[in-house]
Amino acid sequence: MKRLSISAAAVAVFTLALGLVLQPWNRTEASTPSKRVSVTGEIMDTWCYVSGVMGAAEATLGSAHHTCAIWCAAGGIPVGLLGDDGQVYMVLQLEGKGTAGGDPSFLDLQSETVKAEGEVYERDGLTYLVVEKILTNEGIAATHEDYGLIPPFAIPKAEKARIQGAE
Amino acid sequence: MDIKPIATGVVLAIGLMFGGVAQAEESKAKSWNLAGEQKTVLSGKVVDILCELTGDCPANCGDGSRQLGILEANNRLTLAAKNGQANFAGAVADLLPYCGKQVDVDGLMLGETTRLYQVQFIRESGQTDWAKANTFSKAWAAKFPDDAKKKGPWFRKDSRVTALIERDGWLGLGHQADKEFLEWWE
């Protein structure tokens, strides 16, 4: 009887451990069916926005961060769409083209506020968007008056001098 | 009293409870002092994220055009957003040679709400030596040999980038906006 209760205790400990392991932070989600959406927001650089590497997330949007957004998209860093609702959509495909190859057509869309139509997929904490069509484009929001140039070295010294007419 | 069953249970419990922590302790990733940063080793298959979600699966994980990630044995899918280089480079060039293969990756999981992964090291499963995830610049130079001949880092001489700046200016708002901004800001 004693041996039985000890074995039962061991099983209980094991079950408890298994329960802890299967807590939400370890649990995976199955891929969900897609949902048709129409989203309005800025085509943006997910790395700088999420990581804080350039400082405040807001400073990585609009004209202040435009050149850096083009660099990151050309470098194959995932392009995002920051929805008006604050949701970061990871854009996997834009009008039939993958977003890792730096295709000029979506480099051209960096920092622009667009209305996009497509399919959304939720998987393991990220929201992915396959953009089928850009419906409208409102252009780039002027954020440089608030944040300056992010990163400050984006415009080379010689180029600054040329723009200001010193060379 | 036979304590073997209890001992076995406790050992199993501790092993299972701290499995994830042990994984973090093994990481050799360098800190970048990023938001929500957590050193993380992952083991799984290199996959095309779009293929995993939609079933649309071109050869060789899209051959560099698609975002890649790691699919672990427990079916958890992690997007690899960045490699180990500090030059605006993603992770696709580093992961693509391993498309469909089982790998270990070492790097940083980061972000507060949206969580992204930075790959710093990669190796095929079963190997002991890690390779640095820093192959973007070489892959870029091979893809754009004419641009690569120019001076400076890749992002200063990439003709896709320079064409846009030449057309729209550094702020994307036209050359007059650049001039007015610099007069005020400098």
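Over which residues of chain B does pLDDT stay under 50? Select residues 11–25 of chain B: that is the stretch. The model is predicted, and it places 17 contacts beyond four places in sequence for this segment. Where pLDDT is low, the predicted coordinates should not be read in detail.

Now color the rest of chain B by confidence. Its average pLDDT is 90, and 87% of its residues score at least 70. For the complex, the predictor reports an ipTM of 0.87 and a pTM of 0.85.

Next, show chain A as a cartoon. Count 6 helices and 6 strands. Trace the chain along its sequence and the order reads α-β-α-α-β-β-β-α-β-β-α-α. Of the 167 residues in chain A, 44% are buried. Turn on contacts in chain A between residues at least 6 apart in sequence: 70% of them join residues at least 24 apart.

Then go to a helix pair across the two chains. Select residues 66–74 of chain A, helix α3, and residues 159–168 of chain B, helix α8. Their axes lie 10 Å apart, at an angle of about 155 degrees. Angles over 145 degrees count as roughly antiparallel, so α3(A) is roughly antiparallel to α8(B). The crossing of α3(A) with α8(B) is right-handed.

Finally, show side chains at this contact. From α3(A), pick Thr67(A), Ile70(A), Trp71(A) and Ala74(A). They meet Arg160(B), Val161(B), Leu164(B) and Ile165(B) of α8(B). Color by class: the contact of α3(A) with α8(B) has 6 nonpolar, 1 polar and 1 charged residues.

Key. Residues are numbered from 1 along each chain as its sequence is written. Chains are lettered from A and ligands numbered from 1 in the order in which they are written. This is a predicted model: local features need pLDDT of at least 70, side-chain atom pairs count only at pLDDT 80 or more; totals for chains, interfaces and linings use all residues. Axes are lines fitted to C-alpha atoms, for helices over the stretch in contact, and angles run from 0 to 180 degrees between N-to-C directions. Helices (H or I, at least four residues) and strands (E, at least two) are DSSP runs, numbered from the N terminus. Angles under 35 degrees count as roughly parallel, over 145 as roughly antiparallel, 65 to 115 as roughly perpendicular and the rest as oblique. A crossing is left-handed if the near helix is turned anticlockwise from the far one by less than a right angle, and right-handed if clockwise. Two residues are in contact if their C-beta atoms, placed from the backbone, lie within 7 Å. Ala, Val, Leu, Ile, Met, Phe, Trp, Tyr, Cys and Pro count as nonpolar, Asp, Glu, Lys and Arg as charged, and the others, Gly among them, as polar. pLDDT is the predictor's confidence in each residue, from 0 to 100. A residue is buried if 20 or more other C-beta atoms lie within 10 Å of its own, exposed if 12 or fewer, and partly exposed in between; C-beta atoms are placed from the backbone.
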